[in-house]
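Here is my note on the model you sent round. Please read it with the coordinates open.

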Amino acid sequence: MQNKLFIGNEWRDATSGQTMEVVNPATEEVITAVASAGLDDLDVAVHVARTALNGPWSALSARERGRLVRKLGERLLERADEIATLETIHNGKPIFESRNIEIPAAAECFEYYGGWSDKIMGETIPVKGNHLTYTLREPIGVVAAIVPWNFPLLLAAWKVAPALACGNTVILKPASQTPLTALALAEIAVEVGLPPGVLNVLTGPGASLGQAIVEHPGIDKIAFTGDTTTGKGIMRGAAATLKRITLELGGKSPNIVLADADIDAAVRGATVGIFYGKGEVCAAGSRLLVDTSIKSEFIDKLAARAKKMVPGDPLDPKTRFGAVSSRKQMETVLRYIDSGKKEGATLVAGGARADIGTGKGFFVQPTVFADVQPGMTISREEIFGPVLAAIEFADIDEAIARANDSPYGLAAGVWTRDIKKAHYVARKLQAGTVWVNTYNVYDTAAPFGGYKQSGFGREMSAHALEHYTQIKTVWVDLSL
Ligand code: NAD
């Protein structure tokens with residue numbers, strides 16, 4: 001397990017000597033202490049990233065670059081057991097999710113973008129006069145990827161893979177709580193032969209290191225995933241140097257169940273929608289909108305299902321519900337649960353901290369509130385935990401209006417057997433992703449990103465390539 005900064009393919013302590021503890025949220029034990037980078041370290045990382053950009057990295061052919069990006073994914077899969085364990089111990093998610101879903105998805109992302117490297121093309125343009133006019137799609141330069149703690153490796157892959165595939169160099173800053181898998185990715189960079197400086201990993205606090213990255217004049221682009229308030233600060237901070245930015249931010253995603261839905265399938269979908277990843281999922285279906293005519297049956301079935309989801313040891317392969325990522329996050333979630341109770345919502349499942357028999361760990365019971373009114377705090381603010389707010393509606397247009405009544409617009413779901421209603425609702429929802437009769441499905445080939453205050457730019461798919469390239473137009477006078 002690495003715990004130093006990774007700069008120019010070398011492992012270094014922070015210049016200041018400072019470190020930060022990494023805590024296992026399921027046991028409350030300190031796993032290790034990692035280096036806490038400061039401004040001096042950042043300057044060195046920017047310098048080596050720039051040198052690699054202008055040197056060995058741009059000297060490689062696009063195909064060779066793509067091959068190296070694909071190798072990152074192949075090696076990730078070879079080391080999947082070990083890296084999944086790291087993901088689980090610093091995040092608290094079940095090993096089942098880390099090993100079978102997150103690490104393979106991260107590997108697939110490198111495979112997918114490695115395939116793009118030699119297919120990123122310019123165009124020839126039929127202009128007026130006697131000119132040959134064509135475009136080049138060039139890398140943006142030094143890209144900083146700043147990622148949160150909920151899917152530490154996967155969200156890093158969503159940025160690092162397209163950035164490298166397009167010929168940029170990268171400084172990756174993982175969240176303070178979950179730096180271990182980013183450092184493992186750095187080891188893999190050396191193993192597959194990435195030239196020094198192409199991928200650098202700086203661990204450190206967001207408020208100091210993250211802020212310094214955003215303001216650094218030697219960095220050309222910020223690819224950020226995190227909280228909406230942090231995203232607004234990044235937008236302000238990037239203005240001074242006019243950095244390119246893409247922001248994947250928070251959500252309060254509505255999951256709508258119409259009266260004609262397959263109720264059992266929708267109950268399963270609502271459960272996966274909110275409790276997968278302990279609800280620490282930006283696209284979590286945290287607002288359940290259910291037709292009044294089926295509400296009682298639906299809520300009964302949903303509550304029964306939630307009560308069967310028992311938090312357990314994340315390292316046990318049978319566990320499907322792990323620990324909330326930190327004490328601070330657990331306290332936030334419990335505060336929201338209290339506000340739901342105080343504001344008059346009906347608690348039908350969970351509602352408290354859980355104990356898995358060890359007396360330790362930041363576990364919260366899967367929680368469902370019914371009779372939630374649209375103005376209540378739990379129906380408006382992103383909780384980022386296993387808490388579902390169920391709201392009733394009388395007809396389809398009321399459902400759409402309530403769904404769209406949020407500053408966020410990351411994702412949404414609709415459950416119905418009526419194909420016309422499905423498409424009608426899908427078009428009306430203000431969200432970057434709409435799932436019909438399913439929830440929380442993703443694929444590297446499909447774009448993902450926000451409407452409204454859930455951010456802008458798209459991750460995954462060919463669309464992400466637009467955010468990691470810039471277009472140069474070349475005019476050649478052909479007149480004799
Ligand atoms: P956060 O904004 O606190 O932190 C995210 C990252 O930004 C971390 O690496 C952090 O150290 C860094 N950071 C913090 N302050 C900074 C600053 N002032 N300048 C620069 N960097 C700074 O978010 P979090 O609590 O780690 O993550 C949870 C949030 O992420 C939720 O709001 C969730 O919805 C969102 N999220 C969004 C998506 C998406 O794709 N839209 C995916 C996952 C998570």
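The points below go through sheets, a helix, the main pocket and some single residues.

1. Status of the model. This is a predicted model. Please keep that in mind for every value that follows.

2. The seven-stranded sheet. Seven strands form an open sheet with mixed pairing. The order is β14-β17-β18-β13-β12-β20-β21. Two strands sit at the edges: β14 (346-349) and β21 (433-436). Each has a single partner strand, so one side of each lacks a neighbour in the sheet. On average, neighbouring strands in this sheet are turned by 25° against each other, direction ignored.

3. Pairing inside that sheet. Strands β13 (residues 287-291) and β18 (residues 387-393) run parallel and are joined by five bridges. To check the register, look at Leu-288: its bridge partner in β18 is Ala-390. Further along the order, β20 (residues 411-415) pairs with β21. That pairing is also parallel, over four bridges. Here Gly-413 has Trp-435 of β21 as its bridge partner.

4. The two faces of β21. Which side chains of β21 are buried, and which are not? Thr-433 and Trp-435 point to one face and are buried. Val-434 and Val-436 point to the other face and are not buried. So the edge strand, which has one side without a neighbour in the sheet, also shows an alternation between its faces.

5. The three-stranded sheet. A second set of strands, β5-β6-β24, forms an open sheet with antiparallel pairing. Its edges are β5 (124-125) and β24 (469-477). Each of these has a single partner strand, and so one side of each is left without a neighbour in the sheet. Strand β6 (residues 131-139) and β24 are joined by nine bridges. For the register, use Glu-138, whose bridge partner in β24 is Gln-470.

6. Helix α8. Its buried residues are Leu-209, Gly-210, Ala-212, Ile-213 and Val-214. What covers them? The cover includes α1 (39-54), β7 (142-146), β8 (169-173), β10 and α9. Helices and strands both take part in that cover.

7. The largest pocket. Its volume is about 1100 Å³. The lining has 42 residues. Pro-148, Trp-149, Gly-226, Asp-227 and Thr-230 lie nearest the centre. Four elements give two or more residues to the lining: α8 (206-215), β10 (221-225), α9 (228-239) and α12 (327-342). Which element gives the most? That is α9, with six residues. Note that α8, β10 and α9 return here from the previous point: β10 and α9 help to cover the buried residues of α8, and α8, β10 and α9 are among the elements of the lining.

8. Lys-452. This residue lies in strand β22 (residues 451-452). Its relative accessibility is 38%, so Lys-452 counts as partly exposed. The side chain of Lys-452 makes a polar contact with the side chain of Gln-430 at 2.9 Å. Beyond four places in sequence, Lys-452 also contacts Asn-404, Ser-406, Pro-407, Tyr-408 and Gly-409, among others. Leu-39 is 413 residues away along the chain, and the two C-alpha atoms are separated by 33 Å.

9. Thr-246. Is this residue of strand β11 (residues 244-248) buried or exposed? At 10% relative accessibility, Thr-246 counts as buried. Residues up to four places away aside, Thr-246 touches Lys-221, Ile-222, Ala-223, Phe-224, Phe-456, Gly-457 and His-467.

10. Asn-24. This one belongs to the loop between β3 (19-23) and β4 (30-35). Asn-24 is nevertheless buried, because its relative accessibility is 10%. Its side chain reaches the backbone nitrogen of Ala-26 at 2.8 Å. Outside its neighbours within four places in sequence, Asn-24 is in contact with Glu-29, Ile-31 and Ile-89.

11. Gly-375. Another loop residue, Gly-375 sits between β17 (367-370) and α13 (377-380). Its relative accessible area is 62%, so Gly-375 is exposed. From Asn-200, Gly-375 is 175 residues away in sequence and 45 Å away in space, C-alpha to C-alpha.

How values were computed: Residues are numbered from 1 along each chain as its sequence is written. This is a predicted model: local features need pLDDT of at least 70, side-chain atom pairs count only at pLDDT 80 or more; totals for chains, interfaces and linings use all residues. Side-chain values use heavy atoms; hydrogens and water are left out. Two strands pair if DSSP finds at least two bridges between them. Axes are lines fitted to C-alpha atoms, for helices over the stretch in contact, and angles run from 0 to 180 degrees between N-to-C directions. Buried means under 20% relative accessible area, exposed over 50%, partly exposed in between (1.4 Å probe, protein chains only). Contact means heavy atoms within 4.5 Å. A polar contact is a pair of N or O atoms within 3.5 Å; within protein, one must be able to donate a hydrogen and the other to accept it, and residues adjacent in sequence count only if both atoms are side-chain atoms. On a 1 Å grid over the protein atoms alone, a cavity is a set of points where a 1.4 Å probe fits but cannot get out, and a pocket is an open set with protein on both sides within 12 Å along at least five of seven lines; lining residues have an atom within 4 Å of a point. Grid points are joined across faces, edges and corners, and a volume is the space filled by probe spheres set on the points.
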